[in-house]
Protein chains: 2
Amino acid sequence: MKKTKDETTEEQILEAAKSVFQSKGMDGARMQEIADKANINKAMLHYYYRNKELLFEAVFKQAFSLLAPQLNTILNDDSSVEDKIRHFTLNYTTFMMKHPYLPNFIIQELNRNENFILKLKQNTGFPNLEKFKAKVKDEINQGIIKPIDADQLFFNILALNIFPFLGKPLIKAFSDKDEKSYKEFVESRKTEVANFIINSIKCK
Amino acid sequence: MKKTKDETTEEQILEAAKSVFQSKGMDGARMQEIADKANINKAMLHYYYRNKELLFEAVFKQAFSLLAPQLNTILNDDSSVEDKIRHFTLNYTTFMMKHPYLPNFIIQELNRNENFILKLKQNTGFPNLEKFKAKVKDEINQGIIKPIDADQLFFNILALNIFPFLGKPLIKAFSDKDEKSYKEFVESRKTEVANFIINSIKCK
DNA sequence: ATAAGGTTTAACCAAATGGTTAACAAATGT
DNA sequence: ACATTTGTTAACCATTTGGTTAAACCTTAT
């Protein structure tokens with residue numbers, strides 16, 4: 001009974017699981033809710049993914065695999081550090097505005113299960129900072145940017161870009177923004193963040 | 001039967017609850033585990049806190065109340081913007097190195113329960129950005145710092161300081177740091193982050 | 001047509017979980 | 001001394017939850 005229809009059952013499950021796991025986390029998610037959302041019997045979840053843990057892993061891996069290409073725009077292309085920062089900030093923020101649950105989901109589950117990231121690290125395509133580090137050192141030597149530890153710089157970039165999504169409730173509460181002005185705030189960061197970073201590191 | 005001993009039962013419970021909730025979250029925490037850790041009968045949890053939700057709220061409020069004073073070092077003192085940033089970065093990082101679960105716990109639970117923060121906001125002492133915003137505008141007019149939206153600046157400061165704790169697994173994996181070099185990395189941020197920000201905004 | 005294989009369902013199960021109860025013990029006020 | 005309140009425990013309970021089973025249902029190859 002192959003489904004040539006729009007979606008195979010296995011995909012329906014993964015889709016539903018994604019939605020439930022990403023908004024409630026591993027511990028908060030219920031298999032029944034996933035089954036309901038996928039419009040199938042609960043037993044099907046086990047038929048296709050054996051158990052909750054494996055279903056979760058499938059969702060998590062797919063989520064993480066969306067993050068990696070984003071990071072490669074900054075890590076593995078050949079442009080200048082300034083261009084890397086501008087491209088990444090624009091790309092990342094644009095992308096995450098479409099997938100707002102993603103950053104929190106990944107951070108939360110990575111913190112919940114310490115050795116989860118070890119599995120990921122064995123995958124090919126796991127982000128590697130070496131090329132970025134070399135480029136930073138290079139531009140420092142050339143006098144294009146001021147001396148800074150490349151790790152510190154990289155995680156500053158990451159921090160400034162990810163935080164608006166992780167800290168959404170904090171941002172809304174502290175600065176009295178409603179949903180609309182929160183979105184404007186994030187939107188304006190597509191360029192503001194890059195300017196902020198480049199201002200800090202660029203030699204004049 | 002008042003306990004004049006080292007710790008009252010109620011405090012033991014809160015202590016144990018703090019430890020379990022902060023490392024596993026509301027959904028992942030088990031009442032039995034809390035009881036075991038507090039060395040008391042599970043019924044005592046309900047005797048003192050009625051149910052899981054209320055016990056959790058007690059823990060969460062206490063956790064959040066540790067964060068607020070940190071923020072007031074940047075929001076409500078009278079020093080220059082530069083000094084605010086240097087003090088906050090030093091204080092916050094020092095404090096969180098002693099309470100590494102706190103940032104993730106707060107962020108995670110705030111994202112889990114949207115209207116949780118509304119309750120907090122009614123409390124007196126809830127962080128207010130007005131004074132900080134005024135000071136930033138003032139220094140911009142005086143030509144001490146470059147033009148920047150005060151909200152953007154504030155959340156940049158927050159992002160750069162909180163991220164090392166939220167993203168610990170990411171940092172360790174991406175930059176191949178063990179526990180020791182991760183701690184050195186965070187330690188060095190006590191001054192690096194402030195320099196990074198001030199570099200970006202200060203007029204030369 | 002029908003046997004064989006994968007796919008789907010309803011009903012079921014054991015364990016875990018938050019919460020309750022009733023009896024007991026320790027303080028405290030009178 | 002003793003009655004009353006407060007603190008504590010073991011046993012219990014109802015529900016939820018992840019997971020299983022056995023039968024039914026399609027689809028396809030022969």
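Visitor: How much area is buried between chain A and chain B, and which atoms give most of that area?
Guide: In this predicted model, the area buried between chain A and chain B is about 4,500 Å², and carbon and sulfur atoms give 65% of it. The size of an interface is often given as the accessible area lost when the parts come together. Within what chain A buries against chain B, Phe155(A), Phe174(A) and Phe196(A) supply 18%, more than any other three residues.

Visitor: How many residues does the contact take from chain A and from chain B?
Guide: The contact takes 49 residues from chain A and 49 residues from chain B. A residue is counted here because one of its heavy atoms lies within 4.5 Å of the other side.

Visitor: What makes the meeting of Lys177(B) and Asp151(A) a salt bridge?
Guide: The rule asks for a side-chain nitrogen of Lys or Arg within 4 Å of a carboxyl oxygen of Asp or Glu. For Lys177(B) and Asp151(A) the N to O distance is 2.9 Å, which falls within the 4 Å limit, and the pair therefore qualifies as a salt bridge. The count between chain A and chain B is 4 salt bridges.

Visitor: How many residue pairs are in polar contact across the interface of chain A and chain B?
Guide: The rule finds 20 such residue pairs, both partners having pLDDT 80 or more. On the side of chain A that touches chain B, at least two residues come from each of several helices, among them H1 (9-28), H4 (52-75) and H11 (179-201). The largest share of that side, 12 residues, comes from H9(A). Its residues divide into 27 nonpolar, 11 polar and 11 charged.

Visitor: Why is Glu179(A) separated from Lys183(A) by about one helical turn?
Guide: Glu179(A) and Lys183(A) are 4 residues apart in helix H11 of chain A, which means that about one helical turn separates them. An α-helix has 3.6 residues a turn, so residues three or four places apart point the same way. The side chains of Glu179(A) and Lys183(A) meet in a salt bridge, with N to O at 3.8 Å. That distance is within the 4 Å cut-off, so the name applies. Over all chains, the count by this rule comes to 34 salt bridges.

Visitor: Which elements make up chain A, helices or strands?
Guide: Chain A has 11 helices and 0 strands. Its C-alpha trace spans about 65 × 40 × 35 Å along the principal axes.

Visitor: Which residues come nearest to DNA strand D?
Guide: Arg30(A), Lys42(A), Lys52(A), Met44(B) and Tyr47(B) come nearest, out of 17 residues around DNA strand D. Of the atoms of DNA strand D that come within 4 Å of the protein, sugar and phosphate account for 67%.

Visitor: How far is a phosphate oxygen of DNA strand D from an N or O atom in the side chain of Arg30(A)?
Guide: The distance to the side chain of Arg30(A) is 2.8 Å. A polar contact needs N or O atoms within 3.5 Å, so this distance satisfies the limit. A phosphate oxygen of DNA strand D is also 3.1 Å from a polar backbone atom of Met31(A), and one is 3.1 Å from an N or O atom in the side chain of Tyr48(B).

Visitor: Which helix gives the most to the surface near DNA strand D?
Guide: H3(B) gives the most, with 4 residues. Helix H3 (42-49) of chain A and H3 of chain B each supply at least two residues of that surface. The residues of the surface divide into 9 nonpolar, 4 polar and 4 charged.

Visitor: What is found at the start of helix H3 of chain B?
Guide: There, a side-chain oxygen of Asn41(B) reaches to within 2.8 Å of the backbone nitrogen of Ala43(B). After H3(B) comes Arg50(B), with a positive phi near 65 degrees.

Visitor: What does the domain assignment of chain A give?
Guide: The assignment gives domain 1 (1-50) and domain 2 (60-201). The centres of these domains of chain A, taken over C-alpha atoms, are separated by 30 Å.

Visitor: How much area is buried between domain 1 of chain A and domain 2 of chain A?
Guide: About 630 Å² is buried between the two domains of chain A, and carbon and sulfur atoms give 56% of that area. In domain 1 of chain A, Gln22(A), Ser23(A) and Met26(A) lose the most area to domain 2 of chain A, together 60% of what that side buries. The count between the two domains is 0 salt bridges, while the rule finds 1 residue pair in polar contact across their interface.

Notes: Residues are numbered from 1 along each chain as its sequence is written. Chains are lettered from A and ligands numbered from 1 in the order in which they are written. This is a predicted model: local features need pLDDT of at least 70, side-chain atom pairs count only at pLDDT 80 or more; totals for chains, interfaces and linings use all residues. Side-chain values use heavy atoms; hydrogens and water are left out. Buried area is the accessible area (1.4 Å probe) that two parts lose on being put together, summed over both. A polar contact is a pair of N or O atoms within 3.5 Å; within protein, one must be able to donate a hydrogen and the other to accept it, and residues adjacent in sequence count only if both atoms are side-chain atoms. Ala, Val, Leu, Ile, Met, Phe, Trp, Tyr, Cys and Pro count as nonpolar, Asp, Glu, Lys and Arg as charged, and the others, Gly among them, as polar. A residue is near a molecule or strand if one of its heavy atoms lies within 4 Å of it. Domain bounds come from an automatic or database domain assignment.
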